[in-house]
Amino acid sequence: MALEVNQSNFETEVLKSTQPVVVDFWAPWCGPCRSMAPVIEELANDYQGKAKIAKLNVDENQALAGQFGVMSIPTLIFFKDGKAVDQIVGFTPKNKLSQKLDELL
């Protein structure tokens, strides 16, 4: 299952993670975000133990969304060694996300 991240655990779970992390910036009212949800859950299962797949609700964490320049959602940001190394905006098929993740592993 995807990890829920927010202002209080973002640094620990994402920035200090020893594994690559994908953070899905989403909101409950966003249609494309809801379409992405099952893809995010599949990735979380596929990469369990190898990478972290996390979800961040932008409505509840506007400061973090602003900090990473998230203008539209869904936005997926790929982190490695505490740094944002890649970003995809909009609905993205699972195979494309897997390919990006594999490059970070």
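This is a tour of a predicted model, moving from its nonpolar cores to a helix pair and then to single residues.

**The largest core**

Start by selecting Phe 10, Val 23, Phe 25, Leu 56, Phe 68, Ile 73 and Phe 79. Within the largest nonpolar core, which has 20 residues, these seven touch the most other members. Next, colour the elements that contribute: helix H1 (10–15), strands E2 (21–26), E3 (52–57) and E4 (75–80), and helix H3 (62–67) each supply at least two residues of this core. The most comes from E2, which gives four residues. In soluble globular proteins, nonpolar side chains tend to be buried together.

Centre the view on Phe 10 and show what surrounds it. Beyond its neighbours within four places in sequence, Phe 10 is in contact with Val 5, Leu 15, Val 23, Leu 56, Leu 64, Phe 68 and Phe 79. Apart from this core lies another, of 16 residues, including Val 39, Leu 43, Leu 76 and Leu 97.

**Leu 76**

Select Leu 76, in strand E4. Its relative accessible area is 0%, so Leu 76 is buried. Show the residues around it: leaving aside those within four places in sequence, Leu 76 is in contact with Val 22, Val 23, Asp 24, Met 36, Ile 40, Asp 86, Gln 87, Ile 88, Gly 90 and Leu 97. For a distance to draw, take the C-alpha atoms of Leu 76 and Val 58: these are 12 Å apart, with the two positions 18 residues apart along the chain.

**Helices H2 and H4**

Now hide the strands and keep helix H2 (residues 31–46) and helix H4 (residues 94–104). Two packed helices are described by the angle between their axes and the distance between the axes. For H2 and H4 the angle is about 40 degrees and the axes are 10 Å apart. The pair is therefore oblique, and H2 passes H4 in a right-handed crossing.

Show side chains at the contact. H2 contributes Met 36, Val 39, Glu 42, Leu 43 and Asp 46, while H4 contributes Lys 94, Leu 97, Ser 98 and Leu 101. Sorted by class, the contact has five nonpolar, one polar and three charged residues.

Stay on H2 and pick Ala 37. Its relative accessibility is 23%, so Ala 37 counts as partly exposed. A line from the C-alpha atom of Ala 37 to that of Ala 2 spans 9.3 Å, and the two residues are 35 apart along the chain.

**Lys 50**

Move to the loop between H2 and E3, where Lys 50 is found. With 44% relative accessibility, Lys 50 counts as partly exposed. Not counting residues up to four places away in sequence, Lys 50 touches Gln 19, Pro 20 and Leu 105. From Lys 50 to Val 21 the C-alpha distance is 9.4 Å, for a separation of 29 residues in sequence.

**Asn 61**

The loop between E3 and H3 holds Asn 61. Is this residue buried or exposed? Asn 61 is buried, as its relative accessible area is 4%. Its contacts, leaving aside neighbours within four places in sequence, are Val 5, Asn 6, Gln 7 and Leu 56.

**Two backbone features**

Most residues other than glycine have a negative phi, and most peptide bonds are trans. Two places in this model are worth a look on that account.

Select Ile 73 and Pro 74 and display the backbone. The peptide bond from Ile 73 to Pro 74 is cis, with omega near 0 degrees. Pro 74 is in the loop between H3 and E4, and Ile 73 is one of the core residues selected at the start.

Then go to Asp 81, in the loop between E4 and strand E5 (83–89). Asp 81 is not a glycine, yet has a positive phi of about 55 degrees. Its relative accessibility is 55%, so Asp 81 counts as exposed.

**Leu 15**

Finish at Leu 15, in helix H1. Leu 15 has a relative accessible area of 29% and is therefore partly exposed. Not counting residues up to four places away in sequence, Leu 15 touches Phe 10, Phe 79, Asp 81 and Gly 82. The C-alpha atoms of Leu 15 and Asp 81 are separated by 6.9 Å, although the residues are 66 apart along the chain. The contact with Phe 10 leads back to the largest core.

Key:
Residues are numbered from 1 along each chain as its sequence is written. This is a predicted model: local features need pLDDT of at least 70, side-chain atom pairs count only at pLDDT 80 or more; totals for chains, interfaces and linings use all residues. Side-chain values use heavy atoms; hydrogens and water are left out. A nonpolar core is a set of buried Ala, Val, Leu, Ile, Met, Phe, Trp, Tyr and Cys residues joined through side-chain atoms within 4.5 Å. Buried means under 20% relative accessible area, exposed over 50%, partly exposed in between (1.4 Å probe, protein chains only). Contact means heavy atoms within 4.5 Å. Axes are lines fitted to C-alpha atoms, for helices over the stretch in contact, and angles run from 0 to 180 degrees between N-to-C directions. Angles under 35 degrees count as roughly parallel, over 145 as roughly antiparallel, 65 to 115 as roughly perpendicular and the rest as oblique. A crossing is left-handed if the near helix is turned anticlockwise from the far one by less than a right angle, and right-handed if clockwise. Ala, Val, Leu, Ile, Met, Phe, Trp, Tyr, Cys and Pro count as nonpolar, Asp, Glu, Lys and Arg as charged, and the others, Gly among them, as polar.
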